[in-house]
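Biologist: I'd love some help reading a structure like a modeller does. Could we go through it together?

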Amino acid sequence: MVDPKDNNEKNKELVEALKTEYDDEEVVAESKSNNVFGFKMKKLLLLFLLIIILLIITLWLLSLSSKEMSINYSSYEKKMISAAKDYYKVNDKELPGNNSSSEVTLAKLVELKYMEDYSLLKSCTGSVTVENKNSSYSYSSYLDCGDDQSSKSLYRHLTQSNNITASGDGLYRMNNEYVFRGEIVNNYVSFSNRLWRIVKIDSNNDIVLILNDNFNAVNTWDDRYNETNDYNSGYNDYEKSRIKDFLDETYRNIKEGNTNDSELLMTKAATKKLVNYKLCIGKVGFNQTTKNNSYECSKVIENTKFGLLTISDYMNASLDTNCNAPSSKSCENYNYLINRNNWWLVTANSDNNYQVYLIESYGGIVSSNAYLYQYVRPVIHLSKNIKYTSGNGTENKPYVIE
């Protein structure tokens, strides 16, 4: 007879054996599952790494292509200038007169066999401008292939249709010029280690800049003895003024290297980028309503390098519709030309012979005695052919030119 205890022991052993066998199968199955999952993860990781590598290679090739195209454009522009020089050697009668310019197109240079017709750039347009500055010729090329690599003059960059506005702060088309107006406008330019503001693009398409801050120390507008007042109140005749002498001497010191670099308005090399311009020095009455420089430009000084701003140019910078005469206090409103100091304008008051206009620190226009000492913000003109290289016109990222 079988002992029940023996049966129980055998049953326990059988259960344990079956359980062990089941557990072993589970472990094997789990191990296989883990191996499959690990393999899939490795494949996904390898695929991800492959995509990253391909992306890096693609970006690198694109950068090389972009750099190569840029180099090609730069080389092509140099060839355009060389071809233009050969053209003008043969056609010297087409060279510009003193303080003027002329232009020959890329199409003409190719047509007359002064340079090869590169198939890569067949869809491009361009030209070479030669400027005569005091009997010294300078050449600049412009090439437009309809892409970001194309060269652009600052004038062309600024006057793109999407940059022109009819309301609010920005660049306006007025008086046959492009004028920056408003309180916050992106018209900063970095030039010769100083910050400037673009006042306007004039009717010749040259770019009019005013120094953003004040230059050097204060200076009198004029302090000569005035017989009308019987003391040294000065005369408001710009042609004979102390302020003109100061600006002329500033330019002369730069050209002759008579001043330390820290005291220079700009470097000698930078002066080659300036163009001579007609400085409007006509007088304007305190209550005269005009903003188109018609009174100021009734009298001009030719071939100016450093000048000052006219009363109309200051008034045009304001967006306030009530700013219509020098006497208007509204001209200080919505006007980016406000400076933290008082500074001189070039325009004199036609109501007498001893007062000229200055802009006070809060932006108001004042008819001031000429003998006073105030800050100077020189005005210069850059050629329409000056090349834009970078920047968006903000104070932190001003326009940079070549």
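Modeller: Happily; we'll start with the whole chain, then take one helix and end with the disulfides. Keep in mind that this is a predicted model.

Biologist: Then the overview. How many helices and strands does the secondary structure of the chain come to?

Modeller: The chain has five helices and 19 strands. Of its 402 residues, 42% are buried. The chain exposes about 22400 Å², and carbon and sulfur atoms supply 50% of that area. As for contacts with a separation of 6 or more, 59% are between residues 24 or more positions apart.

Biologist: Now a single helix. What span does α4 reach from its first C-alpha to its last?

Modeller: A helix can be checked against the rise expected for each residue, 1.5 Å. Helix α4 covers residues 242-256, which is 15 residues, and it reaches 21 Å, close to the 21 Å expected.

Biologist: And what is found at the ends of α4?

Modeller: At the N-terminal end, serine 241 acts as a cap: one of its side-chain oxygens lies 3.1 Å from the backbone nitrogen of lysine 244. After the helix comes glycine 257, with a positive phi near 65 degrees.

Biologist: Which residues of α4 are buried, and what covers them?

Modeller: Here, buried means under 20% relative accessible area. In α4 the buried residues are Ile243, Lys244, Phe246, Leu247, Thr250, Asn253 and Ile254. Their cover includes strands β10 (219-220), β12 (300-304) and β13 (343-348). Notice that Lys244 is on the buried list, and that the backbone nitrogen of this lysine is the one facing the serine 241 cap.

Biologist: Let's turn to the disulfides. How many does the structure hold?

Modeller: There are two disulfides. In one, cysteine 280 pairs with cysteine 297, the sulfur atoms being 2.0 Å apart. The angle about the S-S bond is 80 degrees, and this link is right-handed. Cysteine 280 sits in strand β11 (residues 277-280) and cysteine 297 in the loop between β11 and β12, so the bond ties together parts 17 residues apart in sequence.

Biologist: Is cysteine 280 buried or exposed?

Modeller: Cysteine 280 has 11% relative accessibility, so it counts as buried. Its partner, cysteine 297, is partly exposed at 36%.

Biologist: And which cysteine is joined to cysteine 323?

Modeller: That is cysteine 331, with an S to S distance of 2.0 Å. The torsion about their S-S bond is about 95 degrees, so this disulfide is right-handed. Both cysteine 323 and cysteine 331 are buried.

Methods
Residues are numbered from 1 along each chain as its sequence is written. This is a predicted model: local features need pLDDT of at least 70, side-chain atom pairs count only at pLDDT 80 or more; totals for chains, interfaces and linings use all residues. Side-chain values use heavy atoms; hydrogens and water are left out. Helices (H or I, at least four residues) and strands (E, at least two) are DSSP runs, numbered from the N terminus. The expected span of a helix is 1.5 Å times one less than its number of residues. Buried means under 20% relative accessible area, exposed over 50%, partly exposed in between (1.4 Å probe, protein chains only). Contact means heavy atoms within 4.5 Å. A polar contact is a pair of N or O atoms within 3.5 Å; within protein, one must be able to donate a hydrogen and the other to accept it, and residues adjacent in sequence count only if both atoms are side-chain atoms. Accessible areas come from the Shrake-Rupley method with a 1.4 Å probe; for residues, only the protein chains shown count as cover. A disulfide is a pair of cysteine sulfur atoms within 2.5 Å.
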